[in-house]
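Colleague: Before the interface is discussed, please show the model under consideration.

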Amino acid sequence: MIRYSLHKIAYGLAVLAGVVVVVFFLFNILPGDPARMTLGQRPDVQSLEAVRKEFGLDRPVYVQFAYYVNDLSPIAIHESDSMAKAKYNYVKLFSVSSTKSLVLKEPYLRRSYQTRRNVSSILAETIPNTFILALTAMIFATLIGVFLGVVSAVNRDTWIDSSANAFAILGISAPSFFAGIIIAWIFGFVLSDYTGLNMSGSLYNYDPFDGEVLTLKNLILPMITLGLRPLAIIVQLTRSAMLDVLSQDYIRTAKAKGLSSNRIIYKHALKNALNPVITAISGWFASLLAGSFFVEYIFGYNGLGKATVDALELSDFPVVMGAILFVAFIFVIINILVDILYAFIDPRVKLA
Amino acid sequence: MLPLRLLVVLVFFTMLVSCKQSEPDNRTVFTLNLDQGLSSLDPAFARNQYVIWMDNQIFDSLVQMNDSLETVPSVAKSWEISPDGKTYTFHLRNDVYFHDDPLFVGGKGRRCVASDFVYSFRRIIDPKIASSGGWIFNGKVSGMDAFEAPNDSTFVVKLLNPFPPLLSMLTAQYCSVVPHEVADHYGKDFRSHPIGTGPFKFKYWKEGEILVLLKNEKYWEMDGDQRLPYLDAIKATFISDKQTAFMEFVKKKLDFFNSLDGSYRDDILTKSGKPTRKYKGKFQMIIAPYLNTEYLGMLVDTNLAIVKSSPTRDKRIRQAISYAIDRRRLVKYLRNSVGTPGHAGFIPRGMPGFSATEVKGYEYNPEKAKKLLAEAGYPNGKNMPPITLQTSTTYKDLIEFVQGELNSVGIRCVVEVNQSTSLRDLIAKNSVNFFRGSWIADYPDGENYLSVFYSKNYVPIGPNYTSFKNAKFDRLFEASYYEPDNEKRYAMYRQMDNLVMEEAPVVILYYDQLMNLYQNGISGFSTNAQNLLILKRVKKK
């Protein structure tokens with residue numbers, strides 16, 4: 001078990017290293033001078049040089065890469081002076097020369113080229129928003145989806161089944177940006193006097209005189225929009241898995257034993273039918289984190305997706321890299337957890 | 001029993017609700033949306049419109065601009081310029097105070113003095129700060145010692161050479177005064193802890209969500225016997241989807257709205273630029289000149305390999321391109337008449353000294369375009385190699401219109417769409433022959449536009465993206481620095497603009513206009529061709 005987990009973790013680290021290499025060099029191949037992008041329409045030579053020096057763009061690419069990896073690595077070599085200590089917030093392990101020491105620190109993601117804000121603080125601010133959005137969307141999709149799936153499997157080939165099916169097809173085929181605009185327009189604009197919902201806004205509102213106000217209702221529309229697609233898929237998955245399970249022998253046995261139909265459905269059948277659904281949900285969760293961009297954009301919801309794409313348009317390498325690394329990290333972690341969880345749930349999965 | 005309980009609950013709720021409403025709030029909050037986001041509040045990085053707008057509320061400079069683009073006093077109540085035009089002496093007010101901040105002694109904002117300007121101006125050219133405003137002083141002053149404060153109320157700037165636009169350039173937000181205690185303490189993070197002397201003080205900024213500025217009760221500027229500003233607060237949101245933002249404006253959740261986007265343009269405006277019946281009278285609409293020239297640029301330096309092989313090396317072809325485009329139709333159908341057809345020079349309408357009669361550009365004349373083509377050896381465009389026009393995605397519809405116009409006179413034109421970042425890079429490296437560009441005034445002086453054609457501003461040193469070189473132009477350009485009289489200098493500008501138009505390195509498409517929408521209860525707003533947002537005199541009912 002431990003060997004299995006270590007193997008998976010090593011594999012995950014290799015994936016992350018690959019992401020760093022690919023994204024870093026991809027950014028260097030792409031045309032677009034980050035220094036120029038930070039200077040407006042009339043950059044002069046002195047300013048360009050100053051900016052390049054500040055971001056370390058005046059060095060050869062491989063040197064830049066080495067410095068970047070050094071900044072990212074939790075164990076790294078940095079200057080021993082107080083400025084470097086304040087910048088990286090490290091714990092010194094031991095000196096390697098008169099001015100440099102080997103240190104232990106959090107990965108340093110640098111500052112945005114565009115805003116010169118610390119990337120870690122951008123991520124710290126946007127990630128919880130996206131996380132909450134993705135999580136609530138997932139919970140919404142799972143609860144409603146499993147319920148609808150069970151109902152339509154139990155009522156197979158009735159009008160309930162076919163309308164749930166039609167709904168699922170609609171949900172799968174409507175792209176989230178399209179569904180988002182429609183939902184925002186209907187519930188946030190046309191019916192806003194009745195629903196009391198806003199077209200846009202984040203988790204917190206700020207009153208100029210009263211301060212921060214938690215505005216959970218701003219979560220409702222983005223949550224539904226983002227959850228629509230997984231909801232539709234979960235309905236389909238639950239339905240087919242349920243039908244599969246319901247035709248098994250042990251269900252017939254349970255029926256023969258005289259158990260109530262609710263007990264059979266929810267205790268015996270659903271538990272076994274949920275396996276493929278869990279896989280789908282775990283896979284979907286990571287991609288929801290990454291894929292919530294359109295929803296964030298349409299609803300003006302301040303999340304990771306919005307921050308990333310804004311940065312991408314402006315060649316803001318540190319932000320893009322930080323965001324990609326974070327998403328990759330989440331994917332890796334979730335995959336490791338799912339693999340391990342699988343081994344627990346299903347003994348047939350080999351621990352190798 | 002039940003009805004009684006219900007009654008108690010009802011009474012309780014009514015009390016709750018009435019409690020909330022018992023103190024009527026007369027405080028006014030001006031709301032706006034910044035769809036492009038806000039990269040910083042540090043004036044040293046005031047390189048785009050929204051940073052400029054917000055910095056203009058928080059900070060003051062030596063001088064400020066009025067709606068006719070004239071330089072008027074601000075923190076400096078008067079100034080003198082030495083006869084050689086190289087030394088500017090400013091006399092400062094003594095009643096200007098910084099906003100309160102714990103970093104000041106006793107937490108109270110201290111008085112703003114001349115040495116604060118020395119500090120602030122040095123900060124712009126300090127390579128360690130790497131400000132995007134370095135161009136303001138780079139090449140114009142000898143270095144850090146060009147700024148002096150002989151005493152608390154006198155500030156001196158020494159230039160290497162005369163530069164008449166200096167005063168109007170000093171209205172730029174880059175030249176705002178910042179306190180060294182705060183700027184040094186926060187370093188790079190001064191961007192989100194701005195302290196200035198302006199009419200509003202910084203309160204709260206959750207990036208990408210909400211920015212709140214509050215009234216500076218101790219602001220120095222008066223309107224008659226009323227102390228400015230009138231508003232109690234400004235609240236900015238950051239909805240990137242323009243259509244959503246527009247709907248928020250329609251719902252009156254925003255007091256001000258300014259971006260004209262294709263998705264709802266026809267909803268608000270008729271083709272002749274009037275409000276549609278649907279929105280007539282629903283809000284105030286202001287359409288006015290905006291110092292922005294939309295153009296197509298062409299590389300003209302025949303020493304460049306890329307120019308040698310292109311038909312656009314021939315002046316007649318460039319002129320033919322300019323004659324082939326019907327700008328009136330372009331502005332009417334693609335811009336709903338927001339904009340003025342570009343029939344004069346590179347200096348836009350709205351700029352002091354602009355004259356559509358004295359600077360002659362190109363009007364739509366397809367016959368002349370065909371004639372010029374024939375003279376250049378390509379009758380009806382026969383045997384002429386296709387030319388590639390580069391654009392970014394945002395301007396695709398505009399460029400496709402141009403493509404259609406060129407094709408109809410026989411010039412084969414291929415459109416290549418690039419990401420705006422890469423396109424800027426390609427243009428800055430002289431690697432594209434024919435491209436779309438725009439030039440927004442950094443300061444309201446024609447020199448800002450003409451510097452784009454000065455041969456010493458070749459890329460990568462400066463913004464001469466068309467590699468234009470003309471000895472007569474250069475002589476005039478240099479001479480204009482020694483002409484302190486505005487009218488005489490403007491005449492020189494027009495002469496230079498005509499020289500550029502004759503050589504046709506640029507095709508002027510249109511001079512931009514701004515479209516600002518305000519809710520009906522808003523008054524006291526200002527409209528100027530720099531599109532500077534001035535909120536200190538705004539009132540909200």
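Modeller: This is a predicted model, and chain A has a mean pLDDT of 84 (pLDDT being the predictor's confidence in each residue, from 0 to 100), with 97% of its residues at 70 or more. In such a model local features need pLDDT of at least 70, side-chain atom pairs count only at pLDDT 80 or more, and totals for chains, interfaces and linings use all residues. Residues are numbered from 1 along each chain as its sequence is written, chains are lettered from A and ligands numbered from 1 in the order in which they are written, and side-chain values use heavy atoms, with hydrogens and water left out.

Colleague: Which elements of chain A have the lowest and the highest mean pLDDT?

Modeller: Helix H12 (residues 261-291) of chain A has the lowest, 77, and helix H4 (residues 61-72) of chain A the highest, 91. Helices here are DSSP runs of H or I with at least four residues, strands are runs of E with at least two, and both are numbered from the N terminus.

Colleague: What makes the pair B:Glu207 and A:Arg117 a salt bridge?

Modeller: The definition asks for a side-chain nitrogen of Lys or Arg within 4 Å of a carboxyl oxygen of Asp or Glu. The closest N and O atoms of B:Glu207 and A:Arg117 are 3.1 Å apart, so the pair qualifies. The count between chain B and chain A is three salt bridges.

Colleague: How many residues of each chain are in contact?

Modeller: Contact means heavy atoms within 4.5 Å; by that rule 59 residues of chain B touch 49 residues of chain A. About 4700 Å² is buried between chain B and chain A, 51% of it on carbon and sulfur atoms. Buried area is the accessible area (1.4 Å probe) that two parts lose on being put together, summed over both. In chain B, the residues losing the most area to chain A are B:Arg47, B:Thr421 and B:Arg424, together 12% of what that side buries.

Colleague: Where does A:Glu125 lie, and which residues does A:Glu125 touch?

Modeller: A:Glu125 is found in helix H6 (residues 119-154) of chain A. Leaving aside residues up to four places away in sequence, A:Glu125 touches A:Arg117, A:Asn302, B:Lys206 and B:Glu207. The C-alpha atoms of A:Glu125 and A:Gly303 are separated by 8.0 Å, although these residues are 178 residues apart along the chain.

Colleague: Which domains does the assignment give for chain A?

Modeller: It gives domain 1 (2-104) and domain 2 (119-314), with bounds that come from an automatic or database domain assignment. Their centres, taken over C-alpha atoms, are 38 Å apart.
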